[in-house]
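Please keep the structure open in the viewer and follow the selections in the order given below.

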Amino acid sequence: MEQLSLHWKMVRAGSADLVLRFPRETIEVHTTYIGDGLGSVVQAAIDLRLGSSSATAFLPAEPAGTFLFFTGADEEAYLQVVQFTDMESESRRWSGGSLRWRGRVDVRAFIRSVVVMADDVLVRCGSTAAYSKAWGGITFPIRELETLRQGS
């Protein structure tokens with residue numbers, strides 16, 4: 001089982017990299033304001049915390065996008081990080097996926113890492129309103145973060 005830590009690295013307004021750090025490697029997943037990548041990662045953590053055996057997070061990046069697929073979740077989950085080159089075209093949406101990482105991760109550690117990462121994003125942005133402005137109107141997932149904090 002791999003230990004995982006997460007970091008949300010703002011590149012510029014409306015653009016960020018989700019950095020997934022594993023003991024032997026680091027994966028950076030780019031995302032933009034065309035979707036709610038942060039909210040999707042937070043929701044995946046909520047789903048796992050509530051006992052779901054699977055969860056997904058989608059990080060769009062015009063026209064590409066990356067999915068985090070969690071399966072077989074209990075105390076551990078099998079995680080696959082898969083990047084697709086064209087998530088906007090209906091005819092090519094699920095073709096050409098490239099596996100960037102796969103392995104088992106500790107579910108509780110993932111949830112804690114999501115809480116720390118989201119808290120850090122909020123501190124660096126200064127407020128939920130500033131986050132929303134930087135992300136083209138996408139709201140910061142404050143209620144979802146509170147749900148995760150209650151179970152951490």
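**A tour of the salt bridges and one buried serine**

Begin by selecting Arg104, which is partly exposed, with a relative accessible area of 32%. The model on display is a predicted one. Next add Glu76, which is likewise partly exposed, at a relative accessible area of 27%. Arg104 and Glu76 form a salt bridge, and a distance drawn between the closest N and O atoms should read 2.8 Å. Colouring the strands places this pair in context: Arg104 belongs to strand E7 (residues 98-106) and Glu76 to strand E6 (residues 76-84), so the salt bridge ties together parts that are 28 residues apart in sequence.

Move now to the helices and select Arg149 together with Asp119. These two residues form a salt bridge whose closest N and O atoms are 2.1 Å apart. Arg149 lies in helix H4 (residues 142-151), whereas Asp119 lies in helix H2 (residues 107-125), so the pair ties together parts that are 30 residues apart in sequence. With a surface shown, Arg149 is partly exposed, its relative accessible area being 29%. Asp119 is partly exposed as well, with a value of 24%.

Keep both residues selected and add Glu146. Asp119, Glu146 and Arg149 are linked in a network of salt bridges.

Stay on helix H2 for the next stop and select Arg124 and Asp120. Which atoms should be joined by a distance here? The closest N and O atoms of this salt bridge between Arg124 and Asp120 are 2.8 Å apart. The two residues are 4 residues apart in helix H2, which means that about one helical turn separates Arg124 from Asp120. Arg124 is partly exposed, with a relative accessible area of 41%. Asp120 also counts as partly exposed, at 28% relative accessibility.

Before leaving the charged pairs, it may help to display every salt bridge at once: the count comes to 5.

For the last stop, select Ser40, which is found in helix H1 (residues 37-49). Is Ser40 buried or exposed? Its relative accessible area is 17%, so Ser40 is buried, since the cut-off for that class is under 20%. To see what surrounds Ser40, show Thr56, Ala57 and Phe58: Ser40 touches these three residues, leaving aside residues up to four places away in sequence.

Definitions and conventions. Residues numbered from 1 in each chain as written. Predicted model: local features only at pLDDT ≥ 70, side-chain atom pairs only at ≥ 80, totals over all residues. Heavy atoms only, no water. Buried < 20%, exposed > 50% of the residue type's maximum accessible area, 1.4 Å probe, protein only. Contact = heavy atoms within 4.5 Å. Salt bridge = Lys/Arg side-chain N within 4 Å of Asp/Glu carboxyl O.
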